[in-house]
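Student: Could we go through this structure together? I would like to start with the aromatic residues and then move on to the sheets and helices.

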Amino acid sequence: MNRQKILFLLPGIPNKPVGGYKIVYEYAQRLAEAGFSVSIFYANERCFSSIKKNDETALTWVKRKFRHTRRFFKQTLKKDYLVQWFSLHKAIKEKLLPYFTKKYLKKYKNQTIICTSIHTAYELNDIQCIPRKNKYYFIQDFENWNLSDEDVYRSYRFPIKKITIAPWLKEKIQSVGETAEMIPNGFDFNYFHLFCPIEQRIPTEVAMLYHLDERKRCQDAISALKIVKQTIPELHVTLFGTPPIPENLPEWCTYCYRPNQEEHNAIYNNAAIFVAASRAEGMALPPGEAMSCGCALCCTDIGGFQMYAIAEETALLSPVYDTEKLAENIARLIQDSDLRIRIARAGYKLIHQYTWENAFTRFKKALNLD
């Protein structure tokens, strides 16, 4: 049994499904199953990296907050509720820390340590006692939502080996003179699978993810669908997500809150078309999941979709914010069944190239674990 030790640093405890966390958990799961000793450390708050360590008021607040969260963390561990949306391997060790500093990580310096966000990268880079060869930076998005672009680029210059998930992110890293191993996300084709024939689907059945993150531009998707509804009154849309049901949802829309596996598969298999209007993504999972269940993809033309969304082949693409063009593409797929079926079949074939087996093999190699 291989007992080489792997440590993932995550920027917080996720209480609901989050794509980036899911990818980390998938890799941690497979490493544990392969016999590696895997740990996951969570920082108490995402904002800790930006707090000045000499600010006594801030530090007092941090310590108080940490004590409260640590009590909650122990309770959730006891109840086995920590990550109830993902069943982690029983051998994976979890630990909550106020932040990642030499004080907390120096005894793990001989392990393979993987930071998974810009904040954890800044903290790992500052710990000089950890050898450079043991540090890795797993980049899943361009994380400029709380920091500046230059802050993000600065993290790419850290002397840490980088792994990323999409060509557009690799280009960002290369733009500052650095390199990265690119490993596209895998998809779980046992969890998501096609059972309703593509040809038998009702063309006016559409599905989409509902999310509160402005970058996903759900408001644009809904606006486009309202345009389609004006000329195709039979249109019905099923939304799903983790937020509460959105206010003023049209009566021709159905919302499924936190669907389980059976419900999630049913949503994808009932839909003929999946719509995504994001302005930015790392390598988004829901469109690929929908494709693996036989949906024709209608989405925006962004880097986060480019691994599987090929214009006029596996998807119909529209510019970001262009709700009229998005509506036009949705209507095309509804009104032209031959086009919809061709797009869906091609997408189904392409997405099945992105297996977790391939991703995991490449991830182990990137970490020098083979």
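**Aromatic pairs, sheets and helix packing**

Tutor: Phe-138 is buried, with a relative accessible area of 1%. Please keep in mind that this is a predicted model.

Student: Is Phe-363 buried or exposed?

Tutor: Phe-363 is buried as well, and its relative accessible area is 0%.

Student: How are the rings of Phe-138 and Phe-363 arranged as an aromatic pair?

Tutor: Phe-138 and Phe-363 form an edge-to-face pair, at 5.6 Å centre to centre and with 70° between the planes. Phe-138 belongs to strand 5 (residues 135-139) and Phe-363 to helix 12, so the pair ties together parts that are 225 residues apart in sequence.

Student: How many aromatic pairs are found in the whole structure?

Tutor: The search finds 24 aromatic pairs. In addition, Tyr-191, Phe-192, Phe-240, Tyr-268 and Phe-274 form one aromatic cluster.

Student: Back to helix 12, then. At what angle does helix 12 pack with helix 1?

Tutor: Helix 1 (residues 19-33) and helix 12 (residues 356-366) pack at about 75°, and their axes are 11 Å apart. Because angles of 65 to 115 degrees count as roughly perpendicular, helix 1 is roughly perpendicular to helix 12.

Student: Which residues make that contact?

Tutor: Helix 1 contributes Ile-23, Glu-26, Tyr-27, Arg-30 and Leu-31, while helix 12 contributes Trp-356, Ala-359, Phe-360, Phe-363 and Lys-364. The residues of this contact divide into 7 nonpolar, no polar and 3 charged.

Student: New topic: the sheets. What is the strand order in the sheet of 7 strands?

Tutor: The order is 3-2-1-4-5-6-7, in an open sheet with parallel pairing. Strand 3 (93-97) and strand 7 (181-182) stand at the edges with a single partner strand each, so one side of each is left without a neighbour in the sheet.

Student: How many bridges join strand 2 to strand 3?

Tutor: Strand 2 (residues 37-43) runs parallel to strand 3, and 5 bridges join the two. Across this pairing, Ile-40 stands opposite Glu-94 in strand 3.

Student: And what is the order in the sheet of 6 strands?

Tutor: That open sheet has the order 10-9-8-11-12-13, again with parallel pairing. Its edge strands are strand 10 (253-257) and strand 13 (315-318), each of which pairs on one side only. On average, neighbouring strands of this sheet are turned by 20° against each other, direction ignored.

Student: Which helices pack on it?

Tutor: Helix 8 (residues 261-270) packs on the sheet and touches strand 8 (205-209), strand 9 (236-241), strand 10 and strand 11. The direction of helix 8 makes about 150° with that of strand 9. Helix 11 (residues 337-351) also packs on the sheet, touching strand 11, strand 12 and strand 13. The direction of helix 11 makes about 85° with that of strand 12.

Student: How many residues of strand 9 are buried?

Tutor: In strand 9, 5 of the 6 residues are buried, so the strand is largely enclosed by the rest of the structure. Strand 9 pairs with strand 8 in the parallel sense over 5 bridges, and Leu-239 of strand 9 is the bridge partner of Met-208.

Student: One last pairing: over how many bridges do strand 11 and strand 12 pair?

Tutor: Strand 11 (residues 273-276) and strand 12 (residues 296-300) pair in the parallel sense over 4 bridges. Here Ile-273 stands opposite Ala-296 in strand 12.

Notes: Residues numbered from 1 in each chain as written. Predicted model: local features only at pLDDT ≥ 70, side-chain atom pairs only at ≥ 80, totals over all residues. Heavy atoms only, no water. Axes fitted to C-alpha atoms, helices over the stretch in contact; angles between N-to-C directions. Parallel < 35°, antiparallel > 145°, perpendicular 65-115°, else oblique. Contact = heavy atoms within 4.5 Å. Nonpolar A, V, L, I, M, F, W, Y, C, P; charged D, E, K, R; others polar. Pairing = 2+ DSSP bridges. Phe/Tyr/Trp six-rings, centres within 6.5 Å; stacked < 30°, edge-to-face > 60°. Buried < 20%, exposed > 50% of the residue type's maximum accessible area, 1.4 Å probe, protein only.
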